[in-house]
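Work through the following exercises with the sequence and the coordinates side by side. Each one sets a task and is followed by a solution in steps.

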Amino acid sequence: MKIDRLLGILILLMNRKQVQAKDLATYFAVSVRTIYRDIETLSLAGIPIEMTRGRTGGISLMPRFSLARIPITSKEKDVLQVALQNLSTTNFPEVGSLMEKFQVLWDAVEKDWIVIDPAEYGAPPERNEIFALLKQCILENRKVAFIYYNSNRQKTRREVAPLKLWYRGNAWYLWGYCYLRKAYRLFHVHRMVDAVITDYFQPNFEESAFEAFRQQAVTPAPKLAVHLVFEVSVYYRLLAIFPAEILQVVSGRIEVKTEIPKTDWLYSFLLSFGADVQIMAPESLRLEIKANLQQAITHYA
C-alpha cells in the first residue's frame with residue numbers, strides 16, 4: 001500500500017543521512033519515478049525533504065526533523081526498549097521494524113545488553129525445536145497434538161489449543177485448553193513427545209482464565225525445615241538456589257539451615273549431589289533419601 005511505503009521511506013530517511021532514489025526504488029520494488037512521486041507527496045504533507053544532484057547527491061531530511069510528539073523520559077525509553085528487545089529474542093513477527101521505528105521516533109540508541117533464550121542449556125538442537133513449533137501454534141491459533149508423560153508416569157495422547165508458554169520454577173510449561181480433559185491444563189514442555197501442528201481453533205479464551213489458573217498453580221507446598229551439609233566444591237551450585245547469607249562455612253563444609261517446599265523437586269535436588277551432601281535433619285528425610293539410594297543400588301548389583 002502507498003501509505004505503508006510513504007511511512008517506510010520516511011523511516012529510512014530518518015535513520016540515514018542520505019539515500020539515493022534508485023536505492024529506495026530497489027528496496028520497495030517500485031520504479032524511480034514512483035519514488036519521486038512519493039517524495040513529492042511527503043513534501044506536500046509538510047515533511048522537509050531535500051534533494052541534491054550529483055554523484056554524491058541524494059534524498060535527505062532537513063536536520064533535527066523528528067516525528068516525536070509524545071513526551072517520554074529517558075527511563076521510560078529504556079523500559080520500552082528492553083521490552084522490545086526481550087520480544088525480539090522470541091523472533092516475534094514485525095518486532096524488527098517496531099524497534100527501528102522506536103529508535104527513530106524517540107532518538108533511542110539500541111542497547112544490546114540482555115538476551116532471553118528458551119532453549120535448554122546443553123541440550124541437543126532438536127530438543128529445543130519444540131519452542132519454535134509452539135510459538136507458531138500460539139501466534140497462528142493452531143492446535144498441537146503430542147504424546148505426554150505426566151509426573152505419575154502415565155502416557156496419553158493430547159490435542160491442545162496452546163495459549164501461553166510459561167517459565168515457572170526453572171522449567172518451561174505450555175498452558176492451553178486440553179480437548180481430552182475438556183479443561184485448561186499445564187504441560188511440561190520437555191515431557192511432550194512427537195508434537196505436530198493440527199487444525200485451527202477459535203481464540204475465544206479469556207485472559208482471566210489464565211490468571212485464575214495461575215493463582216491456583218502457585219499455591220505454596222508445605223515447607224520442610226532442613227539442615228544440610230555440602231562439600232565446598234559444590235558452592236557454585238548452591239548459589240543458584242539459596243541466598244548467599246544462609247550458606248555458612250563450618251569446619252571446611254557448607255551448612256544450610258532453611259525451609260524448602262516438600263515436593264518431588266526436593267528429592268531430585270538432594271540426590272543430584274550424590275556424596276557431596278549430607279542430610280542432618282529431619283530424620284524422616286534422611287530415611288527417605290536412604291531408601292531411594294538403596295533402591296538405586298539394586299540396579300547395579
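## Exercise 1: a pair within one helix

R286 and E283 both belong to helix α10, where they are three residues apart, about one turn of the helix. The model is a predicted one.

Task: determine what R286 forms with E283, and state how far apart the closest N and O atoms are.

Solution. Begin with the geometry of helices in general: an α-helix has 3.6 residues a turn, so residues three or four places apart point the same way. Next, consider the charges, since side chains of opposite charge can pair when their charged atoms come close. For R286 and E283, the closest N and O atoms are 3.4 Å apart, and the two residues form a salt bridge; this agrees with the cut-off, which asks for a side-chain nitrogen of Lys or Arg within 4 Å of a carboxyl oxygen of Asp or Glu. Finally, check the surroundings: R286 is partly exposed, because its relative accessible area is 32%, and E283 is likewise partly exposed, because its value is 47%.

## Exercise 2: pairs that link separate elements

Task: find how many salt bridges a search of the whole structure gives, and identify the elements in which R253 and E231 lie.

Solution. The search of the whole structure yields three salt bridges. One of them joins R253 to E231, with 3.3 Å between the closest N and O atoms. R253 is in strand β10 and E231 is in strand β8, so this pair ties together parts that are 22 residues apart in sequence. As for exposure, R253 is partly exposed because its relative accessibility is 25%, and E231 is partly exposed because its relative accessibility is 27%.

A further salt bridge is formed by K262 and E288, whose closest N and O atoms are 4.0 Å apart. This pair links distant parts of the chain, with K262 in the loop between β10 and α9 and E288 in helix α10, 26 residues apart. K262 is partly exposed, given a relative accessible area of 39%, and E288 is partly exposed as well, at 29%.

## Exercise 3: the buried side of a helix

Task: decide which residues of helix α9 are buried, and explain why they can be placed on the same side of α9.

Solution. Helix α9 spans residues 264-271, and its buried residues are L266, Y267, F269 and L270. They cover an arc of only 165 degrees around the axis, and therefore they lie on the same side of α9. The last step is to ask what covers them: the cover includes β8 (223-231), β10 (253-261), β11 (277-281) and α10 (283-297). Strands β10 and β8 have already appeared as the elements that hold R253 and E231.

## Exercise 4: cysteines and disulfides

Task: establish how many disulfides the structure holds, and classify C137 as buried or exposed.

Solution. In general, a disulfide is a covalent bond between the sulfur atoms of two cysteines. The structure holds zero disulfides. C137 is buried, because its relative accessibility is 0%, and C178 is also buried, because its relative accessible area is 0%.

## Exercise 5: two strand residues and a surface patch

Task: classify S60 and V249 as buried or exposed, and then name the residues that make the nonpolar surface patch of about 270 Å².

Solution. S60 lies in strand β2, residues 58-61, and it is buried because its relative accessible area is 9%, where the cut-off for buried is under 20%. Leaving aside residues up to four places away in sequence, S60 touches L13, K17, Q18, P48, I49 and E50.

V249 lies in strand β9, residues 248-250, and counts as exposed because its relative accessibility is 60%. Between V249 and V229 there are 9.4 Å in space, C-alpha to C-alpha, while the two are 20 residues apart in sequence.

The patch is made by V32, Y36 and M51. Of these, Y36 is found in helix α3, residues 32-44, and is partly exposed because its relative accessibility is 42%.

## Exercise 6: the whole protein

Task: state how many helices and strands the protein has, and what share of its 301 residues is buried.

Solution. The count comes to 10 helices and 11 strands, and buried residues make up 32% of the 301 residues. Among contacts with a separation of 6 or more, 57% are between residues 24 or more positions apart. The protein exposes about 19,700 Å², of which carbon and sulfur atoms supply 54%.

Conventions:
Residues are numbered from 1 along each chain as its sequence is written. This is a predicted model: local features need pLDDT of at least 70, side-chain atom pairs count only at pLDDT 80 or more; totals for chains, interfaces and linings use all residues. Side-chain values use heavy atoms; hydrogens and water are left out. Patches are made of residues with over 30% relative accessible area and no salt bridge: like charges are joined within 9 Å, nonpolar side chains (Val, Leu, Ile, Met, Phe, Trp, Tyr) within 5 Å. Accessible areas come from the Shrake-Rupley method with a 1.4 Å probe; for residues, only the protein chains shown count as cover. Helices (H or I, at least four residues) and strands (E, at least two) are DSSP runs, numbered from the N terminus. Buried means under 20% relative accessible area, exposed over 50%, partly exposed in between (1.4 Å probe, protein chains only). The arc is that of the directions from the helix axis to the C-beta atoms. Contact means heavy atoms within 4.5 Å. A disulfide is a pair of cysteine sulfur atoms within 2.5 Å.
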